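Trainee: Could you take me through this structure slowly, so that I can see how each label is earned?

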Amino acid sequence: MVKINKDYLNLQGSYLFSEIAKKVNAYAQANPDKEIIRLGIGDVTRPLPPAVISSLHSAVDEMGRAETFRGYAPDLGYEFLRNAIAENDFIKRGCNIAADEIFVSDGAKSDSGNIQEIFGKDNVVAVCDPVYPVYVDTNVMAGRSGKYDCEKGGFEKIVYMPCTSENGFAPEFPKTVPDLIYLCFPNNPTGATIEKDVLQEWVDYANKNGSVIIYDAAYEAYISDQNVPHSIYECEGARECAIELHSFSKNAGFTGLRLGYTVIPKDLVREGVKLHSLWARRHGTKYNGAPYIVQRAGEAVYSKAGQAEIKETINYYMRNAAYILDGLKKAGYTVSGGVNAPYIWLKTPEGLTSWEFFDRLLTKANVVGTPGVGFGAHGEGYFRLTAFGNYEATVKAVDRIVKL
Ligand code: MLT
C-alpha cells in the first residue's frame, strides 16, 4: 500500500493566494454588478516591453526553420543569457559573479521552493515573520518544520525573525543560530529594505556560523536609494555564504512568460562540497530548461531599448505606489514600504484583524488586498497592497478606501 508524504499534512490551509482568489471569485459571482479592483497578488499588469516582444517574434521564427531550430537548452541556460546577466546584474555593479555561476530557470518562485532540496533535512531554517509563504511551505513539505503550533502561530522547528514596526520591519539575529536563513530585500510583503552595512552584518554572521543565506532579490529593480544593495554579492564574503534568486517577473513583466535565475558562487562550500555542484546535478536531473524563445526574450531585457522600456514600466508602478502611500497617509493610515518596493504595508484601522479588514475592503470598497497574517503571525493587524495595478484603477481603489 502506498504511503503519502505525511509532511504535507503539516501544511496550514491552502496556498495564500489561492485562498484569496477563492474568496474573491465567490464574492464576484454573488455580486456581478460590482467592479472589483485587484491589488492583492503581486502580478504585473503592464504589457511586455516592445524589445522583448520583438525578440520573441524573431526567436519563434528561428524555431520554424530547420537551420535555426533549437531543441533542449543547455542544462544551466544559454550562454547568451547568462553572459548578459553576469555583465549587467553583477559585473557592472562591481560584484564578482561569473556566467557559469548562474542557473537559468522558469522563475524565482520555483527556485525559492526547490533550493532547499540540496540541504539536509535536519537543518534549522530561519525566516522573517511576515514572510513570502513559499519559503516556509516548501520546508514543511520537506519535513524540516515539525508540527504547527497554534499558540506560537508558527511551526515548532522554524526560527521566526519578527519584522515589526519597532525594528523597521528588518530582522534581528535570532537567539538560535540557524543553518539556512531566508532573506528577501526589498521585502515581500512589507516593502522594507536594508542598507548595505546591515546586509554586510548578515553576511558576516553567516560566515561566522557556517550558515547559508538564501537571498531573494526579486524586487531589486525597484530600488532607488543609493545605499540599498541590489545584490548580496555587493557585500564582502557573500561568495562564501550566499545563494541569490532573481526573477524577470517584476522588473520585465514575465509573470506569464516565466524566467528567473539563481546564483551559486563556486566558493560556497559546505562539508567539503560545492553547493554549485549539487544544484547543477539537481538542475540537470529534474529540469530541461526555460524555453529558447523565453531566454531570448530575457536577453532582450538587457538591450539598450529593453532597459529603457523596463525603466518606464517600473516608474509607472512606482507612481501607483506613491499614490497609495500618499493617499493612505493623508487619510490617517499608518503605512510603510512603497519607496524602493512595489508593496505597501499598512496597519489595519480600528484594531481590525487582517482578514476582517480584507472582508471590509472587499465588500465595502470592492478592493482586493492581501491580509498580512497570511504571511505569518507578525503580519496580523497588517495588510498589503500592490502597486502592480493599472494607474486609473489604483487611484479609484485608494479613493474608495479613503472614503470608507
Ligand atoms: C506575491 O504576491 O507575493 C507574489 O506575486 C507572489 C509571487 O511572486 O509568487
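Mentor: We will go through some labels one by one, keeping in mind that this is a predicted model.

Trainee: Why is the pair of Arg-282 and Glu-117 called a salt bridge?

Mentor: The label asks for a side-chain nitrogen of Lys or Arg within 4 Å of a carboxyl oxygen of Asp or Glu. The side chains of Arg-282 and Glu-117 meet at 3.2 Å, N to O, and therefore the pair falls within the 4 Å limit. By this rule the structure has 11 salt bridges.

Trainee: What makes the pair of Arg-282 and Glu-117 a tie between parts that are apart in sequence?

Mentor: Arg-282 belongs to helix α8 (residues 275-286), whereas Glu-117 sits in the loop between α4 (108-114) and β3 (125-129), so the salt bridge ties together parts that are 165 residues apart in sequence.

Trainee: How do you know that Tyr-132 makes a polar contact with the ligand?

Mentor: A polar contact needs a pair of N or O atoms within 3.5 Å, and a polar side-chain atom of Tyr-132 lies 2.6 Å from an oxygen atom of the ligand, so the pair qualifies. By the same limit, Arg-384 at 2.7 Å and Lys-250 at 2.9 Å qualify too, each through a polar side-chain atom and a ligand oxygen. Taken alone the ligand exposes 270 Å², of which the protein buries 86%.

Trainee: Why is the surface patch with Asp-197 called negative?

Mentor: The patch is formed by Glu-195, Asp-197, Glu-201, Asp-204, Asp-225 and Glu-236, and it is called negative because Asp and Glu count as negative. Asp-197 itself lies in helix α6, residues 196-209.

Note on methods:
Residues are numbered from 1 along each chain as its sequence is written. This is a predicted model: local features need pLDDT of at least 70, side-chain atom pairs count only at pLDDT 80 or more; totals for chains, interfaces and linings use all residues. Side-chain values use heavy atoms; hydrogens and water are left out. Patches are made of residues with over 30% relative accessible area and no salt bridge: like charges are joined within 9 Å, nonpolar side chains (Val, Leu, Ile, Met, Phe, Trp, Tyr) within 5 Å. Accessible areas come from the Shrake-Rupley method with a 1.4 Å probe; for residues, only the protein chains shown count as cover. The place of a charge is taken as NZ of Lys, CZ of Arg, CG of Asp or CD of Glu. Helices (H or I, at least four residues) and strands (E, at least two) are DSSP runs, numbered from the N terminus. A polar contact is a pair of N or O atoms within 3.5 Å; within protein, one must be able to donate a hydrogen and the other to accept it, and residues adjacent in sequence count only if both atoms are side-chain atoms.
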